[in-house]
Amino acid sequence: MPLEAPLAPVFERVAELNRIYAHHSATAVLERALDDPEVGSTALVSSFGAESVVLLHMVSVIDRTTPVLFLDTEMLFPETLDYQRDVAAKLRLTNVQVSGPDRDLTFVNDANNRLHATNPDACCAMRKAEPLARALEPFDAWITGRKRFQGGKRANLQFFEADGENHIKINPLAHFSREDVQEYIQNNRLPRHPLVAKGYASIGCAPCTTRVAPGEDLRAGRWRGKAKSECGIHVVNGQVVQRVAEVQI
């Protein structure tokens, strides 16, 4: 019996997947991606932030055993930690995997928990990018909640992206509008992150997240006052955005 043909390179598969699923709905993209051999084994990476419950609910309906990777940076709001536990229980997600930073690294490089103020890129690399890289090792692809309406480098987001040479990134909500997100949460009676009602439109680590004023960009409260808009776990247009190896921790 002939051996099964090897998979095409990631960049080729991404181009073909975007062609095939170009006009599909978010749910269809997610459902098929979880079962498409061209995608491979897949996990949902969730921050359990302001809008995370949409994808978490979709996954719970399709297959609640889907691996859900949650990064506890050890600098999250207490409300986020409580929300993570509450949502996972409510949606009956059975495979939530919590990852955190290497304690040896944080002890040596951030003993006073002030690295975020002096070198936020290094802090994100240590507390987010490196733990995520470890958590993703068993998987071929990962699902994100990024959307075009969030602006910046996300404005031309596609359903599928190449994440380096070994992983595919899936963005089922790429074409969702802000209204779509709110309608989905409301129509499915999903619990909202408690900090949303207090003016937090995008929620990350507590020291680097502020409230957003009316009319401001939704992500204006992330790393306010710094020339920084992403935590470094994403690749944009095939270009690496701040990986661990590139940042002096």
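**Reading a predicted fold, feature by feature**

Guide: Of this chain's 249 residues, 49% count as buried. Keep in mind that we're looking at a predicted model.

Visitor: Fair enough. How many helices and strands does the chain have?

Guide: Eight helices and eight strands. As for how the chain folds back on itself, take the contacts between residues at least 6 apart in sequence: 68% of them join residues at least 24 apart.

Visitor: Let's do the sheet. In what order do the six strands come?

Guide: General idea first: strands of a sheet pair through backbone hydrogen bonds, either parallel or antiparallel. Here, the order is 3-2-1-4-6-5, in an open sheet with mixed pairing. Strand 3 (96-99) and strand 5 (160-163) each have a single partner strand, so they stand at the edges, with one side of each lacking a neighbour in the sheet. From one strand to the next, the twist averages 30°.

Visitor: Can we zoom in on one pair? How many bridges join strand 1 to strand 4?

Guide: Three, and the two strands, residues 42-45 and 141-143, run parallel. For a landmark, find A43: W142 of strand 4 stands opposite.

Visitor: Now the packing. Which residues have the most contacts inside the largest nonpolar core?

Guide: That core has 45 residues, and the list is V54, L56, M58, F160, I168, I170 and F176. Helix 3 supplies the largest share of this core, six residues. Apart from it there's another core, of nine residues, including V45, L69, F139 and W142.

Visitor: Pick one of the well-connected ones. What is L56 in contact with, leaving aside neighbours within four places in sequence?

Guide: L44, S46, F48, V68, V87, L91 and L93.

Visitor: And helices? Which residues of helix 8 are buried?

Guide: The way to read a helix is to look down its axis and see where the buried positions fall. In helix 8 (residues 178-187), the buried ones are V181, Y184 and I185. Viewed down the axis they fall within an arc of 95°, so they line one face of the helix. On the other side, E179, Q186 and N187 are exposed.

Visitor: What do the buried residues of helix 8 pack against?

Guide: Helix 3 (53-63), the one with the largest share of the 45-residue core.

Visitor: Anything to check just after helix 8?

Guide: Yes, the backbone at R189, where phi is positive, about 50°.

Visitor: Last one: how much accessible surface does the chain have?

Guide: About 12,600 Å², with 50% of that belonging to carbon and sulfur atoms.

How values were computed:
Residues numbered from 1 in each chain as written. Predicted model: local features only at pLDDT ≥ 70, side-chain atom pairs only at ≥ 80, totals over all residues. Heavy atoms only, no water. Buried < 20%, exposed > 50% of the residue type's maximum accessible area, 1.4 Å probe, protein only. Helix = DSSP H or I, 4+ residues; strand = E, 2+ residues; numbered from the N terminus. Arc of directions from axis to C-beta. Contact = heavy atoms within 4.5 Å. Pairing = 2+ DSSP bridges. Axes fitted to C-alpha atoms, helices over the stretch in contact; angles between N-to-C directions. Core = buried A, V, L, I, M, F, W, Y, C linked by side-chain atoms within 4.5 Å. Areas by Shrake-Rupley, 256 points an atom, 1.4 Å probe, with all protein chains shown as cover.
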